[in-house]
Amino acid sequence: MFKLGDYFEEALALLDRESLCYRDRIDLGGHIVDLATHSPILRAQFLPALAHLASESESDADLTILYADSSGTTSPLKAPPMDLFNGQGYAATIDQHDVQIFYQPWLRQVFLYSRLRRIGLYWVINPEEVPWWEMTFSFRIIFHWWSRDQDLQLMHAGAISEDGKHGWLIPGPSGSGKSTSCLQLLLSGRYYLGDDYVILRTKPPFKVHSLYQSAKINHDNFDERFTALHSQLRNPRSYRDQKAILHIGEHYPDRLLKSADLVGILVPRIASPSVAQSTVSAVSAAQALMSIAPTTLHHLPHHRAEAFSKISTVVNAAPCYQWLLGSDKHLLTESFGRVTSDEGRKNA
């Protein structure tokens, strides 16, 4: 019988034998996170997306993440029984109250987290097999598990600020237009916090915290709208097989924001190609919640009830709008400016 607690301790013991000489520290909304690995290759793969949060704080860590690969360790970690896990990497039959696990056998990578120890582990067979998307949202599932016991919630959303102080959440599933909108608004002079995943503070004062600086755009959309940014791509040779990836802090460091006060939620939806104008209309909290929650809960299958409750709290406290995205990029940025100005006058 597979015992998850024992499996976590086995993995931790294996890592204790290794020299985890590559150590980094980040500040995530005032929470210190330590990262350690033996592998310069893994570090080069996972750290860049988080590099803008680098910290020299001497405070105790709130979360520690250890990461390794079997090809570079003395003793490889055995894989858990694959028949326990569904297509999302979730095992419904395993008690995951304390230790949690996420395992997708076909990707040959394991994520583990102990709530008691506040230690997350990542193990992959070979660093050359790390999926490209994992490097754009490094340790996403571990941050989600850790946020369970914090006043925080990982969100499948982008976030933009008009003035560098007040942030707008732009949530939605892939293909809803959130990444395109965030990158377009950045290029029009706004401040960027993220375009795919951000962290929300779920108690007053509500805040949105940047997590990843990696922007991802579908290749056809990139070629149509952002081809002038080709020299900034992290993956110029492979972006048509993946997504176009840019690290915002490398090219727009003065426009990359770490935190902002949350002032509203814009739920994007792409209009018909014949519609040029972008429009904004108020929606109820219930309507916004049904557009926001499913995509986050689908990607993050653990402790969904607690996550839904946190998301509901934020949505019920913030003004919510549907943002119908027209094809004209200038009109799109103008519509964002109008709604932020209108909301700013209400709060003045």
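Biologist: What does the accessible surface of the chain come to, and what share of it belongs to carbon and sulfur atoms?

Modeller: Please keep in mind that this is a predicted model, and that the values discussed here are computed from it. The accessible surface of the chain comes to about 14900 Å². Of that surface, the share belonging to carbon and sulfur atoms is 50%.

Biologist: Which radius of gyration does the chain have, and how does that compare with a compact globule?

Modeller: Along its principal axes, the C-alpha trace of the chain spans about 60 × 40 × 40 Å. For 348 residues, a compact globule would have a radius of gyration near 20 Å, and the chain agrees with this, because its own value is 20 Å.

Biologist: How many helices and strands are there in the chain, and what share of its residues is buried?

Modeller: The chain contains nine helices and 16 strands. Among contacts with a separation of 6 or more, 71% join residues that lie 24 or more positions apart. Of the 348 residues in the chain, the buried share is 55%.

Biologist: Which helix gives the largest share of the largest nonpolar core?

Modeller: The largest nonpolar core has 33 residues, and those with the most contacts inside it include Phe 139, Ile 142 and Phe 143. Five residues of this core come from one helix, spanning residues 140–147, and this is the largest share. That element is mostly covered, with eight of its eight residues buried, among them Trp 145 and Trp 146. The helix asked for is helix 3.

Biologist: Which phenylalanine does Leu 35 touch, leaving aside residues up to four places away in sequence?

Modeller: Leu 35 is one of the residues with the most contacts inside the largest nonpolar core. Not counting residues up to four places away in sequence, Leu 35 touches a set of residues including Tyr 22, Ile 26, Leu 47, Leu 50, Ile 65 and Tyr 67. The phenylalanine that Leu 35 touches is Phe 139.

Biologist: Does Asn 221 count as buried or exposed, and what is its relative accessibility?

Modeller: Asn 221 is found in helix 5, which covers residues 219–225, and, not counting residues up to four places away in sequence, Asn 221 touches Thr 180 and Phe 226. A residue is called buried when its relative accessible area is under 20%. Asn 221 therefore counts as buried, with a relative accessibility of 18%.

Biologist: How far apart are the mean positions of the positive and negative charges of the chain?

Modeller: The chain carries 33 positive and 37 negative charges. The distance between the mean positions of these two sets is 4 Å.

Key:
Residues numbered from 1 in each chain as written. Predicted model: local features only at pLDDT ≥ 70, side-chain atom pairs only at ≥ 80, totals over all residues. Heavy atoms only, no water. Core = buried A, V, L, I, M, F, W, Y, C linked by side-chain atoms within 4.5 Å. Buried < 20%, exposed > 50% of the residue type's maximum accessible area, 1.4 Å probe, protein only. Helix = DSSP H or I, 4+ residues; strand = E, 2+ residues; numbered from the N terminus. Contact = heavy atoms within 4.5 Å. Rg over C-alpha atoms; globule rule 2.2 N^0.38 Å. Areas by Shrake-Rupley, 256 points an atom, 1.4 Å probe, with all protein chains shown as cover. Lys, Arg positive; Asp, Glu negative; His and termini not counted. Charge placed at Lys NZ, Arg CZ, Asp CG, Glu CD.
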